Amino acid sequence: MPDVLSPQVPGLPESFLPRTIEVDERAAKESLRNQIARLESELSALCCSTFPRLGFDWSAGSRRGGPRLLSLRDLELVRDDLVERLHRNRKAIGLRSLEEQEKRRLIEAMLLAPEEHRGARVRSYEIGERSCKTWEVRPRWGPIGLLMNWWRVVISSGCPLAQGRGLRPRPRSHPTGS
């Protein structure tokens, strides 16, 4: 069969000869570069919109490291990796936002009815803030409030003051001999 389709067969019309199709990769690479740029822009916008929160993968590192010219396959891998990372981060941010909203509702409920939330504690990082503030339901006046069912919400004043490195040893005074 290959002998029949080969160009050495006399009298065979050119329409039956196998054609080689050349693919111009420039347009495909340009399209992939544009997609990668758009995805990196979306990832950076998402990072900026959720700034104080920690625990997300914001890196946009390369697969092998260092500058290089990427093949069509490598560009597709970079694009697919960015799509997956963007999807994961959006999903994680959505879940975290729901948790933060629940904690904010708990703070409101604690402030409205502290006796119903005995011992409840919410820290500021649980609602997406970067401070050391804490809301905690405690009995008013210690054991007396515990016995009398008097509860209140205590809001901490924030982070502890900087205390330095502790006590420094004093230099000993050596008696000078006369």
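Which residue stands opposite Thr134 in E2? The residue is Arg123. The structure is a predicted model, and this report describes its sheet, its helices, its nonpolar cores and its salt bridges.

## The sheet

Three strands make up an open sheet, arranged in the order E1-E2-E3 with antiparallel pairing. Strand E1 (121–123) and strand E3 (151–155) are the edge strands; each has a single partner strand, so one side of each is left without a neighbour in the sheet. On average, neighbouring strands of this sheet are turned by 25° against each other, direction ignored.

Strand E2 covers residues 134–139, and its antiparallel pairing with E1 runs over three bridges. In general, the strands of a sheet pair through backbone hydrogen bonds, in either the parallel or the antiparallel sense.

## Helix H2 and its packing

Helix H2 spans residues 25–49, a total of 25 residues. From its first C-alpha to its last, H2 reaches 36 Å, close to the 36 Å expected at 1.5 Å a residue.

Six positions of H2 are named here as buried: Lys29, Leu32, Ile36, Leu39, Leu43 and Leu46. The buried residues of H2 pack against helix H3, which comprises residues 72–112. Leu32 offers a detailed view of its surroundings: leaving aside residues up to four places away in sequence, Leu32 touches Leu72, Leu75, Glu76 and Arg79.

## Nonpolar cores

The largest nonpolar core contains 12 residues, including Leu32, Ile36, Leu39, Leu43 and Leu46. Phe56, Leu70, Leu75, Val78, Leu82, Leu86 and Ile93 also belong to this core. H2 and H3 are the elements that give two or more residues to the core. Another core, of nine residues, lies apart from it, and includes Ile107, Met110, Ala120 and Trp151.

As a general tendency, nonpolar side chains in soluble globular proteins are buried together.

## Salt bridges within the helices

A search of the whole structure finds nine salt bridges. In one of them, the side chains of Arg33 and Glu30 meet at 3.7 Å, N to O. Arg33 and Glu30 are three residues apart in helix H2, and are therefore separated by about one helical turn. Arg33 counts as partly exposed, at 41% relative accessibility, and Glu30 likewise counts as partly exposed, at 41%.

Helix H3 holds a salt bridge between Glu84 and Arg88. The closest N and O atoms of this pair are 3.8 Å apart. Glu84 and Arg88 lie four residues apart, about one turn of the helix. Glu84 is partly exposed, with a relative accessible area of 40%, and Arg88 counts as partly exposed at 40% relative accessibility.

## A salt bridge between strands, and a network

Glu136 and Arg121 join their side chains in a salt bridge of 3.0 Å, N to O. Glu136 lies in strand E2 and Arg121 in strand E1, so the pair ties together parts that are 15 residues apart in sequence. How buried or exposed are the two partners, Glu136 and Arg121? Glu136 counts as buried because its relative accessibility is 15%, under the 20% cut-off. Arg121, with a relative accessible area of 38%, is partly exposed.

Arg38, Glu42 and Arg90 are joined into one network by salt bridges that share partners.

Terms used
Residues are numbered from 1 along each chain as its sequence is written. This is a predicted model: local features need pLDDT of at least 70, side-chain atom pairs count only at pLDDT 80 or more; totals for chains, interfaces and linings use all residues. Side-chain values use heavy atoms; hydrogens and water are left out. The expected span of a helix is 1.5 Å times one less than its number of residues. Buried means under 20% relative accessible area, exposed over 50%, partly exposed in between (1.4 Å probe, protein chains only). Contact means heavy atoms within 4.5 Å. Two strands pair if DSSP finds at least two bridges between them. Axes are lines fitted to C-alpha atoms, for helices over the stretch in contact, and angles run from 0 to 180 degrees between N-to-C directions. A salt bridge is a side-chain nitrogen of Lys or Arg within 4 Å of a carboxyl oxygen of Asp or Glu. A nonpolar core is a set of buried Ala, Val, Leu, Ile, Met, Phe, Trp, Tyr and Cys residues joined through side-chain atoms within 4.5 Å.
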